[in-house]
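Trainee: Could we go through this model together, taking its pocket, its charged pairs and its surface in turn?

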Amino acid sequence: MITVQRATKSFDRQLILRDVGFTVGRGELFGIIGPNGSGKSTLLKLLSGLEAADSGTVELDGRAVHAYSRKELARWVAVLQQDALPPIGFTVRDVVEMGRFPFQNWLGEEREDTASLVDAIMAKLSLDALAERTLEHLSGGERQRVALAKVMAQQPKLLLLDEPTTYLDIGYQLQMMDAVRRWQREADLTVVAVLHDLNLAAQYCDRLLVLHGGAVAQVGTPVEVMRRELIADVYGTEPIILAHPVSGAPQIMLQPSG
């Protein structure tokens with residue numbers, strides 16, 4: 001699905017990514033973690049085609065990402081960001097229907113009626129009762145759920161998440177990640193998620209890529225990656241790492257230094 005080889009990217013002569021390489025299989029939930037400034041969001045921009053690598057290659061399904069037209073990419077790839085929707089004007093249903101834009105002609109029409117698709121997505125995410133409410137009257141967690149519904153309506157093959165839980169409380173974080181994982185499994189969707197919370201990343205991701213200083217520190221399963229030595233080296237803190245009592249996923253407990 002995704003192949004990145006020796007990708008390098010600089011902005012204003014500052015090196016952001018250096019010789020980054022990895023692969024992501026179809027249907028995988030792949031996490032990207034690392035400290036602030038390590039290049040996570042820049043890497044996601046290379047995968048989405050929003051930015052081009054200075055050198056190296058980024059391929060989606062065996063084809064260079066920049067060989068796709070913008071409309072082809074919009075039908076192929078969806079991106080969900082931290083605060084994906086501005087709190088203005090549109091109703092919840094309006095926003096979800098906007099996800100169909102890549103499939104519409106210049107008159108805003110599609111060959112088939114997709115009302116049933118929108119209805120099903122809104123029901124799946126429990127948005128029915130909010131359908132006619134405008135975005136400014138929603139909480140941050142509700143808006144993020146609407147943003148997820150919009151990208152679900154896009155029916156992508158690849159979903160890119162840029163720290164989608166950053167501004168959410170723990171209940172909404174779990175709700176968001178549970179919804180993404182169900183969708184991933186039901187649709188054989190490939191998901192690449194930049195995540196700030198290491199414990200969430202370990203719980204939900206099949207594999208993790210650790211970025212440090214713009215380079216790949218390690219790629220592997222959560223158990224392979226969430227090691228005390230690596231976390232201490234990358235994040236500059238000495239963690240206690242325990243297995244989750246239910247899932248067995250490695251979980252971090254932080255130790256105050258004083």
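**Surface, pocket and salt bridges**

Mentor: Let us begin at the surface of this predicted model, where Ile-240 has a relative accessible area of 34% and is therefore partly exposed.

Trainee: Which residues form a nonpolar patch on the surface with Ile-240?

Mentor: Ile-240 itself belongs to strand β11, which spans residues 239-243. The patch has about 260 Å² of accessible area together, and the residues that join Ile-240 in it are Leu-242 and Met-253.

Trainee: Which residues are closest to the centre of the largest pocket?

Mentor: The largest pocket holds about 580 Å³ of space, and 25 residues line it. Among the elements that each supply at least two residues of this lining are α2 (70-76) and β6 (77-80), and by class the lining has 16 nonpolar, five polar and four charged residues. The residues closest to the centre are Val-77, Ala-78, Val-79, Leu-80 and Gln-81.

Trainee: How many residues apart in sequence are the parts that Lys-124 and Glu-186 tie together?

Mentor: Lys-124 and Glu-186 form a salt bridge whose closest N and O atoms are 3.2 Å apart. Because Lys-124 lies in helix α4 (residues 115-124) and Glu-186 in helix α6 (residues 170-187), the pair ties together parts separated in sequence by 62 residues.

Trainee: Is Glu-186 buried or exposed?

Mentor: Its partner Lys-124, at 43% relative accessibility, counts as partly exposed. The cut-off for exposed is over 50% relative accessible area, and since Glu-186 has a value of 56%, Glu-186 is exposed.

Definitions and conventions:
Residues numbered from 1 in each chain as written. Predicted model: local features only at pLDDT ≥ 70, side-chain atom pairs only at ≥ 80, totals over all residues. Heavy atoms only, no water. 1 Å grid on protein atoms, 1.4 Å probe; cavity = no way out; pocket = protein on both sides within 12 Å on 5 of 7 lines; lining within 4 Å. Points joined across faces, edges and corners; volume = space filled by probe spheres on them. Helix = DSSP H or I, 4+ residues; strand = E, 2+ residues; numbered from the N terminus. Nonpolar A, V, L, I, M, F, W, Y, C, P; charged D, E, K, R; others polar. Patch = residues over 30% accessible without salt bridge, like charges linked within 9 Å, V, L, I, M, F, W, Y side chains within 5 Å. Areas by Shrake-Rupley, 256 points an atom, 1.4 Å probe, with all protein chains shown as cover. Salt bridge = Lys/Arg side-chain N within 4 Å of Asp/Glu carboxyl O. Buried < 20%, exposed > 50% of the residue type's maximum accessible area, 1.4 Å probe, protein only.
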